[in-house]
Every structure is written in C-alpha cells, then in structure tokens.
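This report considers charged and aromatic side-chain contacts in one protein chain. The sequence and structure are shown below.

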Amino acid sequence: MKWSLTGMIIVIIVVTVIIVVGYQWYHFRNWQFPLDKIYVINLDRSHTRLSTMRHRMKKEGLSFERFPGVDGGKINTSILREQNILQKNTDWMMKGAIGICLSHYQLWKKIEQLPMSVQHILVLEDDVILANYFRYKLTYYSFFFPDKWDIIYLGASNIYGKKKNFQIP
C-alpha cells in the first residue's frame, strides 16, 4: 500500500493529537485541587449532623477538622453590642444567624494563625450538601477560578421559603 504525503501528514497529526490529549487527560485525572485543610463548623449539640458529615466526607475521600460552632441560642446580644461586635440596630437578626457569623469569624481568626504553607482551606457547615464526586468537580471548576483569588464562595443559602434538601448533580 502506497501512502501519499498528505495521508501521512494527516496520520501524524491525528496520532500527535491523540497522544497530547491522552497525556493531558491522564494528568488531569490524577491531579486534584489541593486542599491543605478542611474545617466543618458544627455545634456541640449536633451529634447527628457531625456523624452525617463524617460519612459524607469519608465517601468523598476527604478528612476534616471539626470546628465548634457558636450556638446562637446561648448568646447574649446585649453583651455583643457592648463589645461592639454587634451594631445597635441588629434586633431583627435571628440569633442562629448571629451564631453562624460568629462561628465563621472565630474560625477565620484561627486560620490567620496557620503557617503560610497552608494555602487552600475549605470551610463547610455541617448541613452542606456535597455533590457526588465533589473533589473532582472542585478540581474541574478550579480551572475557571481567577488567576488571583483569596476566597471562592461555593455555596448558596435559602434563608426564606421552603427548605431544599437534595443532591446537587
């Protein structure tokens, strides 16, 4: 069988593309977005949620450190106003929401004390709905992150209305 020059060039191009794409796919499949530390905010009284999170995270091959959340039902808003942690006109805020804010704030203070080598930190609340194959999806979407970023917000909140409880595809 006699090959034309054009036919040989096409074969070489096709084989090269297959090799390059295959090489990139192999490395993409085996590279994961680096997560140096994962924290899960969890109230001391929420044992079931913590157990559920352990199960979910294990299923995804992820380990985490539990961070004790601030129980909004136990906070004294008057003292927080006196300490200038809350503004004077925050009576409309639900105590649970204040507790969540304080939990994130306290965790942020802890994160500030970590060594600079800890670059990528994931903060989750114990009621998060993790998508199946979360780590791989995070890796995929990380290619669309801006070149310089400090915080990437991955979640959503449904404060008002009917509570949604489903797996995000």
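## A salt bridge within helix 4

In this predicted model, the side chains of K109 and E112 form a salt bridge with an N to O distance of 3.6 Å. Both residues belong to helix 4 (residues 95–112), where they are three residues apart, about one turn of the helix.

Neither end of this pair is buried, because K109 has a relative accessible area of 39% and counts as partly exposed, and E112, with 46%, is likewise partly exposed.

## Salt bridges between distant parts of the chain

The structure contains six salt bridges. One of them joins E65 and K37, with 2.9 Å from N to O. This pair links distant parts of the chain: E65 is in strand 2 (residues 65–68) and K37 in strand 1 (residues 37–42), 28 residues apart. With a relative accessible area of 27%, E65 is partly exposed; K37, at 24% relative accessibility, also counts as partly exposed. A network of salt bridges links K37, E65 and K110.

Another salt bridge is formed by D71 and R45, whose closest N and O atoms are 2.8 Å apart. D71 is located in the loop between strand 2 and helix 3 (77–82), and R45 in the loop between strand 1 and helix 2 (47–59), so the salt bridge ties together parts that are 26 residues apart in sequence. The two partners fall into opposite classes of accessibility: D71 counts as buried at 14% relative accessibility, whereas R45 is exposed, with a relative accessible area of 56%.

## Aromatic pairs

Three aromatic pairs are present in the structure. In one of them, the ring centres of Y140 and Y141 are 5.1 Å apart and the planes stand at 75°, so this pair is edge-to-face. Y140 counts as partly exposed, at 40% relative accessibility.

The rings of F145 and W149 also form an edge-to-face pair, because their planes are at 75°, with the centres 5.5 Å apart. F145 counts as buried because its relative accessibility is 16%, under the 20% limit. W149, in contrast, has a relative accessible area of 29% and is partly exposed.

## The aromatic cluster

Ring pairs also join residues into a group: Y140, Y141 and F144 are linked into a cluster. Y140 and Y141, the edge-to-face pair described above, are thus members of this cluster together with F144.

Key:
Residues numbered from 1 in each chain as written. Predicted model: local features only at pLDDT ≥ 70, side-chain atom pairs only at ≥ 80, totals over all residues. Heavy atoms only, no water. Phe/Tyr/Trp six-rings, centres within 6.5 Å; stacked < 30°, edge-to-face > 60°. Buried < 20%, exposed > 50% of the residue type's maximum accessible area, 1.4 Å probe, protein only. Salt bridge = Lys/Arg side-chain N within 4 Å of Asp/Glu carboxyl O. Helix = DSSP H or I, 4+ residues; strand = E, 2+ residues; numbered from the N terminus.
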